[in-house]
Amino acid sequence: MNTEIQTLGQKPVFKSTSWFLSRQTTKKRTWKGLKQIVSSEKSLPWSENVVHYSSINTPPSFLPPEKLSDLSGLSAPYTDPQTRLRFANKEEYTTMIDLPMDITAGYLALRGATSIVG
């Protein structure tokens, strides 16, 4: 096929500059967010077996959630028994023991853990 195009002297469509220039517009392309896509999908009539954004459901994972450090986000094998904050190494622990209680409570709130007991 390439030899036929070359023998006829025609350029392929993707190499034609007139085609590229005709595709350019001054209008800025707007992208839809996920909420816009889901709301537009809900308004359309769908059959039962069609898969779309709002119909995708996944089962819960069988693996336990990974424990991450509250300060750095690294894998945290240690937990401070007093504050219940997780830490990865001794440098984080030294930083963590100097934190005031309101900062500690903020880290626990970000993680969704219960408040400090005791």
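**Figure 1. Two aromatic pairs turn up when the whole structure is searched**. Keep in mind that this is a predicted model. Start with Tyr78 and Phe87: their ring centres sit 5.5 Å apart and their planes meet at 25°, so this pair counts as stacked. Now move on to Phe87 and Tyr93, where the centres are 5.0 Å apart and the planes are at 40°, so here the pair is tilted. Put the three residues together and you get one aromatic cluster, made of Tyr78, Phe87 and Tyr93.

**Figure 2. How covered up are the members of the aromatic cluster, Tyr78, Phe87 and Tyr93**? Phe87 is buried, with a relative accessible area of 11%. Tyr78 is partly exposed, at 44%. Tyr93 also falls in the partly exposed group, with a relative accessibility of 32%. The cut-off behind these words is simple: under 20% is buried, over 50% is exposed, and partly exposed is whatever lies in between.

**Figure 3. Asp70 and Arg111 form a salt bridge**. Side chains of opposite charge can pair when their charged atoms come close. In this view, the closest N and O atoms of Asp70 and Arg111 are 3.0 Å apart. Asp70 lies in the loop between helix H3 (34–43) and strand E1 (78–79), while Arg111 is part of helix H5 (residues 101–111), so the pair ties together parts that are 41 residues apart in sequence. Is each partner buried or exposed? Asp70 is buried, with a relative accessible area of 14%, whereas Arg111 counts as partly exposed at 28%. If you go looking for another salt bridge, you won't find it: the structure holds one.

**Figure 4. Residues 67–96 carry a UniProt label**. The record, an unreviewed entry, gives this stretch as "domain: Vps72/YL1 C-terminal". Over these residues the chain is 23% helix and 13% strand. The C-alpha atoms at the two ends of the stretch are 17 Å apart.

**Figure 5. Zooming back out, the protein has five helices and two strands**. Follow the chain from its start and the order reads α-α-α-β-β-α-α. How many of the 118 residues count as buried? The share is 12%. The protein exposes about 10700 Å², and carbon and sulfur atoms supply 59% of that area. As for contacts with a separation of 6 or more, 16% of them link residues 24 or more positions apart.

Notes. Residues numbered from 1 in each chain as written. Predicted model: local features only at pLDDT ≥ 70, side-chain atom pairs only at ≥ 80, totals over all residues. Heavy atoms only, no water. Helix = DSSP H or I, 4+ residues; strand = E, 2+ residues; numbered from the N terminus. Buried < 20%, exposed > 50% of the residue type's maximum accessible area, 1.4 Å probe, protein only. Contact = heavy atoms within 4.5 Å. Areas by Shrake-Rupley, 256 points an atom, 1.4 Å probe, with all protein chains shown as cover. UniProt positions renumbered as here; feature names shortened; annotations may be inferred. Salt bridge = Lys/Arg side-chain N within 4 Å of Asp/Glu carboxyl O. Phe/Tyr/Trp six-rings, centres within 6.5 Å; stacked < 30°, edge-to-face > 60°.
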